[in-house]
Amino acid sequence: MSVAAEGAMAPVMAFALVGALGVGSQWLAWRLRMPAIVLMLAAGLIVGPVLGLFDPARDIGPLMGPMISIAVAIILFEGGLTLNLHSLRDAAEGVRRLVIIGAPVGWLLSALALHYVAGLGWAAAAVFGGIMIVTGPTVIAPLLRQARLKRRPAQLLQWEAIVNDPVGALAAVLAYEVVLVLQTATTAGHAVLELVVGIAVALVLGALGGWGLSSAFRRAWVPEYMKVPVLFALLLCVFALSDTVLHESGLLAVTIMGLYIANADLPSYTELRRFKEHATVLLVSGVFILLAASMNFETLSTLDWRAGVFVVAVILAVRPATVLVSLVATKVPWRERLLVAFTGPRGVVLVAVAGLFGERLAALGLEDGARIGPLAFALVVATVVLHGFTLTPIARALGLAGGEVPGVLLVGGSSWATGFAGALKKAEVPVLIVDANRARLRSARDAGLPTFFGDILSEAAEHGLEIMSFGKVVAATDNDAYNTLVATDLAPEFGREHVHQLKSAKQESTRHALPATLGGQPIGGGHSYLEVNSLMAQGWEFRVTRLTEEFTLEHWREKNPEAVLLARLTPARDLRLLAEGAEFRAPPETKLIAMVPPARDEAATPDH
């Protein structure tokens, strides 16, 4: 067992600290509704340079560099797994422009800003400018999860971040090879050959890895319990082999591999992606803590006023100009162009790759190389904090984000679902009724309610619905088994506490009772599909009631002893769907949505 150096933290304790700070920051951000990346950076800075409790280079040692490289590779692979070409649709033109035009334009403008504003020499500016093409999937993913953007701007930001990450790393490699030729005896032909061979090997390895894994899974050559371990092992092999041929080309290889698997239509794809998402949350947390804790005040002290002006120039000039030039004469609406133009957070890949090439340039005798690392960290901190706090309000101001209240997706076009949707709409909650039977949607359409004709689990729904606009699901069809399937399938995406279904008709029978891992939360006052629609046939109706200081929840319950309470909406616009007997707070101005018997006149303040 290794012994920690004097004053150093034991490696096991260091790993435990990184995990606790990373996951704890993500949880606290969820509770406080703050950007998780900001809290992770703050936590790393506090335990690192501020308090001096944790120094990754000292406490973890030489393994930190390879660990970060592997973590970034896994993060980019998971990003590639999300790039399904079928889902791109109307964002395809914008993504192509951002990659094909945006990458070289961003490289040029970044290099100019680094030279004329930050004061770097042309060699260092060219290398760092290539790295600055990346916009950071490690940051974009948490921001998109928080901001709940509409489909196309979210796709533009996500695809650009993932595809341009390996492109930026390879641009830095290209610039570095040119500097190497100019500074050493290396010939231009040798440098070009090394670059071309490296990129070709990365493309081939990535495609072969994706094809081989997909074929093995499809032909059942790998048992179910070994699919994830085999995936991880192959991912590491592809990354390592490609990186051995050309440094940083492994990022391209794993991205290609993930992209291939995402579009291979594998039955196990959903399970693989969800597992990878969980791993990525842990890795993003850990890497940000490590990078922030690795900073020291001596390094950061090399930053001067020109660094601050440079960061401002990148955010307000370089990034907007790159995006607007790339998207000119496209069908992307101007609001979406503005949102993408002013959203360019940098993340782990920028800091990791910039630090590596900064050290290499310094070793070649270029003093400016030592300034690349601190500049990269300053740019990451500034963009993460800025976009972490501004993306959601800007998106809402431009009409490109979901409403303040997460919408409700009702699966099934029965009279009960139509009535419930009408009450939610009256309470200003976004709703959508989905049914595979067009005739069942007629009453909803007549009532002016949004509808979608199709199966909620189909690819058409996955790629055609603005799922991010909805935060809750109610499965309320006449098929109890289908309701359970919908609730179980959508629970990982929406959260199990946000997926509901009507009680199964035979649920009380031990032969038909389902385990807690299947289905959603109960709703409908403990009634089944037949029972709630029978009540509707008897004249029951939905009513929205606003509580006041004088008319409290207790008063409402006294006036409506038979009512079935379904939801409550607080003044802070917090919507909660309720099970029978659920306890909850209902301050004044809370809206209650309930089914009430016919001919019942409430002595409450009506909502309208």
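Colleague: Let me start at the surface. Which residues make the nonpolar surface patch of about 560 Å²?

Modeller: Val312, Leu316, Leu324, Trp334, Leu338 and Phe342 make that patch. Two elements give two or more residues to it, helix H16 (305-326) and helix H17 (334-341). Helices here are DSSP runs of H or I with at least four residues, strands are runs of E with at least two, and both are numbered from the N terminus. Please keep in mind that this is a predicted model, where local features need pLDDT of at least 70, side-chain atom pairs count only at pLDDT 80 or more, and totals for chains, interfaces and linings use all residues. Residues are numbered from 1 along each chain as its sequence is written, and side-chain values use heavy atoms, with hydrogens and water left out.

Colleague: How is a patch defined, and which element gives the largest share of this one?

Modeller: Patch residues have over 30% relative accessible area and no salt bridge; nonpolar side chains (Val, Leu, Ile, Met, Phe, Trp, Tyr) are joined within 5 Å, and like charges within 9 Å. The areas come from the Shrake-Rupley method with a 1.4 Å probe, and for residues only the protein chains shown count as cover. In this patch H16 gives the largest share, with three residues.

Colleague: Let me pick one of them. Is Leu316 buried or exposed?

Modeller: Leu316 sits in helix H16, and its 57% relative accessibility is why it counts as exposed. The cut-offs are under 20% relative accessible area for buried, over 50% for exposed, and partly exposed in between (1.4 Å probe, protein chains only).

Colleague: Now the aromatic rings. How many aromatic pairs does the structure hold?

Modeller: A pair of rings is described by the distance of the centres and the angle of the planes. This structure has four aromatic pairs. One of them joins Tyr116 and Trp122, with 5.7 Å centre to centre and 85° between the planes, an edge-to-face arrangement. Tyr116 is exposed because its relative accessibility is 57%, whereas Trp122, at 45%, is partly exposed.

Colleague: Why is the pair of Phe420 and Phe542 classed as it is?

Modeller: The ring centres of Phe420 and Phe542 are 5.9 Å apart and the planes stand at 15°, so this pair is stacked. The two residues are 122 apart in the chain and link distant parts of it, with Phe420 in helix H20 (residues 415-426) and Phe542 in strand S7 (residues 541-546). The rule pairs rings of Phe, Tyr and Trp (its six-membered ring) with centres within 6.5 Å: planes under 30 degrees apart are stacked, over 60 edge-to-face, the rest tilted. Both Phe420 and Phe542 are buried. Ring pairs also join Trp416 to Phe420 and Phe542 in a cluster.

Colleague: Over the face of which ring does Arg438 lie?

Modeller: Arg438 lies over the face of Phe453, 4.1 Å from the ring centre. Arg360 lies over Phe357 in turn, at 5.6 Å. The test asks for NZ of Lys or CZ of Arg within 6 Å of the ring centre and within 35 degrees of the ring normal.

Colleague: And salt bridges? What is the count?

Modeller: Side chains of opposite charge can pair when their charged atoms come close. The rule is a side-chain nitrogen of Lys or Arg within 4 Å of a carboxyl oxygen of Asp or Glu, and the count comes to eight. Among them, Arg152 and Glu336 meet at 2.7 Å, N to O. That pair links distant parts of the chain, Arg152 in helix H10 and Glu336 in helix H17, 184 residues apart. Both Arg152 and Glu336 are buried.

Colleague: Which residue forms a salt bridge with Arg546?

Modeller: Glu589 does, with the closest N and O atoms 3.4 Å apart. Glu589 lies in the loop between strand S9 (575-577) and strand S10 (591-596), and Arg546 in strand S7, 43 residues away along the chain. Glu589 is partly exposed because its relative accessibility is 42%, while Arg546 is buried at 19%.

Colleague: Finally, the whole fold. How many helices and strands are there?

Modeller: The protein has 25 helices and 11 strands, and buried residues make up 52% of its 608 residues. Its C-alpha trace spans about 90 × 60 × 55 Å along the principal axes.
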